[in-house]
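Trainee: I should like to go through the assignments in this model and ask on what grounds each one rests.

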Amino acid sequence: MRKIDQLFAEYAESHQNHTNKTIHWICVPLIFWSILGFVSLIPSPHIFVRYFGAISIVSLLALAAVSFFYFRLSWRIGLIMIFVMLLLEHLVYFVNVKLEHQSWIFFLAVFILSWIGQFYGHKIEGKKPSFLKDLQFLLVGPIWLLSFILKKFDIKY
């Protein structure tokens with residue numbers, strides 16, 4: 001069994017309840033996005049890309065590190081997640097421009113409310129979140145959700 005399949009199987013063990021899964025479909029992307037938002041606020045030079053916005057060097061380094069983790073598991077998932085993360089970065093840029101110096105409050109609110117949702121989902125499930133056992137599951141959650149989309153379209157990962 002491939003490592004990615006092992007990670008997905010282990011992650012799925014504590015995500016069987018329909019309500020918990022639904023909560024994860026909402027909260028996991030929001031947590032991932034809010035973390036990208038926090039990273040974007042770290043002072044560093046920015047690169048401006050026409051029709052996209054600006055992305056900080058620190059954000060690019062974080063995206064590279066996360067992409068490396070995903071590419072080690074599956075080149076298709078790594079490639080798709082680069083696209084997803086860049087799309088999320090565009091939304092981060094939009095919030096940063098609209099809310100200016102207050103965007104951190106918005107990212108913090110999304111982060112806290114999403115984690116409350118996550119823990120509520122696991123209370124319903126009756127099982128602890130996977131990341132309490134192994135921190136890499138914080139990065140597995142987003143691609144576990146992506147795997148369902150890929151399976152729906154019969155795309156192998």
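Trainee: Which residue of strand 2 is the bridge partner of Phe 48?

Mentor: Ala 54 is the bridge partner of Phe 48. Before we continue, please note that the model is predicted, that local features need pLDDT of at least 70 and side-chain atom pairs pLDDT 80 or more, while totals for chains, interfaces and linings use all residues. Residues are numbered from 1 along each chain as its sequence is written, and side-chain values use heavy atoms, with hydrogens and water left out.

Trainee: What makes strand 1 and strand 2 a pair?

Mentor: Pairing requires that DSSP find at least two bridges between two strands. Strand 1 (residues 46-49) and strand 2 (residues 53-56) have four bridges, in the antiparallel sense, and therefore qualify as paired. Strands here are DSSP runs of E with at least two residues, and helices are runs of H or I with at least four, numbered from the N terminus.

Trainee: Why is Ser 114 called buried?

Mentor: Buried means under 20% relative accessible area, exposed means over 50%, and partly exposed lies in between (1.4 Å probe, protein chains only). Ser 114 has a relative accessible area of 4%, so the residue is buried. Ser 114 belongs to helix 5 (residues 103-125). Leaving out residues up to four places away in sequence, Ser 114 touches Cys 27, Leu 30 and Ile 31, where contact means heavy atoms within 4.5 Å.

Trainee: And why is Trp 25 called partly exposed?

Mentor: The relative accessible area of Trp 25 is 37%, so Trp 25 falls in the class between buried and exposed. Trp 25 is found in helix 2.

Trainee: How do you know that Glu 10 and Lys 133 form a salt bridge?

Mentor: The term requires a side-chain nitrogen of Lys or Arg within 4 Å of a carboxyl oxygen of Asp or Glu. The closest N and O atoms of Glu 10 and Lys 133 are 2.7 Å apart, so the pair meets the criterion. Because Glu 10 lies in helix 1 and Lys 133 in the loop between helix 5 and helix 6, the pair ties together parts that are 123 residues apart in sequence.

Trainee: Which class of accessibility does Lys 133 have, and which does Glu 10 have?

Mentor: Lys 133, at 67% relative accessibility, counts as exposed, whereas Glu 10, at 27%, counts as partly exposed.

Trainee: How many salt bridges are found in the whole structure?

Mentor: The search finds two. Arg 2 and Asp 5 also meet in a salt bridge, at 3.2 Å from N to O.
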